[in-house]
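Here are a few notes from my read-through, jotted down point by point. Have the model open while you go through them.

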Amino acid sequence: MNHVSEAQWVAYLADEIPEALKIEYENHLYSCDKCLSVYMEAMEKEETSLDLEGFDIAGFDIAGPVMDSISRLKGGSVEESWPNRKEKSLRTITRHYLIAAGFTILLMAGGVFQSLTEYVDSVESSSDKKTQSLTEDLIDKTFTWMDTIEKKNKEGFRNE
């Protein structure tokens, strides 16, 4: 097969050629690097020239038009609903803050934080005592053992 021109590839991309010719072009692409590069160039040109109602496909933002449609269905515009949404958010934040502050005062008045800190202090002091008592016990036993050995040595010397 001869090389396919760029115009023929554009027709291929626009789906303007018969099916048998499409298959022939596709099979030719597998074996011809030159036609593959021409095909890629035609595809890039087709992509850049493609416009959907004035929108660039690469930079098309779908969120804006969808949100505008939703707001129109609700009966307002996006600009009008934004301050209301912001005001509601501020009210919600304030409400949550006041509830948290109220619970904090309630817990403080009930002495929960006081008992909690006392409990933490007692746990810390008991863990310190256990560590100290283990070390002290070991030292005490060592000294006791050394004292008994010393006593036996003194008694042994007296007996002789």
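1. A quick definition before the cysteines: a residue counts as buried when its relative accessible area is under 20%. Keep in mind too that this is a predicted model.

2. With that cut-off, Cys-32 comes out as buried, because its relative accessible area is 9%. Cys-35 is buried as well, with a relative accessibility of 0%.

3. How many disulfides does the model have? The count is zero. A disulfide is a covalent bond between the sulfur atoms of two cysteines, and the rule used here asks for the two sulfurs to lie within 2.5 Å. For Cys-32, the closest cysteine sulfur belongs to Cys-35 and sits 3.6 Å away, so the pair is too far apart for a bond. Looking from the other side, Cys-35 is in no disulfide either, and its nearest cysteine sulfur is that of Cys-32.

4. Now to the helices. Helix 1 covers residues 6–13 and helix 2 covers residues 19–31; they pack at an angle of about 120°, their axes 11 Å apart. That angle falls outside the parallel, antiparallel and perpendicular ranges, so the two helices are oblique to each other. The crossing of helix 1 past helix 2 is left-handed.

5. Which residues make that contact? Helix 1 brings Gln-8, Trp-9 and Tyr-12, while helix 2 supplies Lys-22, Tyr-25, Glu-26 and Leu-29. Sorted by class, the contact between helix 1 and helix 2 has four nonpolar residues, one polar and two charged.

Note on methods
Residues are numbered from 1 along each chain as its sequence is written. This is a predicted model: local features need pLDDT of at least 70, side-chain atom pairs count only at pLDDT 80 or more; totals for chains, interfaces and linings use all residues. Side-chain values use heavy atoms; hydrogens and water are left out. Axes are lines fitted to C-alpha atoms, for helices over the stretch in contact, and angles run from 0 to 180 degrees between N-to-C directions. Helices (H or I, at least four residues) and strands (E, at least two) are DSSP runs, numbered from the N terminus. Angles under 35 degrees count as roughly parallel, over 145 as roughly antiparallel, 65 to 115 as roughly perpendicular and the rest as oblique. A crossing is left-handed if the near helix is turned anticlockwise from the far one by less than a right angle, and right-handed if clockwise. Contact means heavy atoms within 4.5 Å. Ala, Val, Leu, Ile, Met, Phe, Trp, Tyr, Cys and Pro count as nonpolar, Asp, Glu, Lys and Arg as charged, and the others, Gly among them, as polar. Buried means under 20% relative accessible area, exposed over 50%, partly exposed in between (1.4 Å probe, protein chains only).
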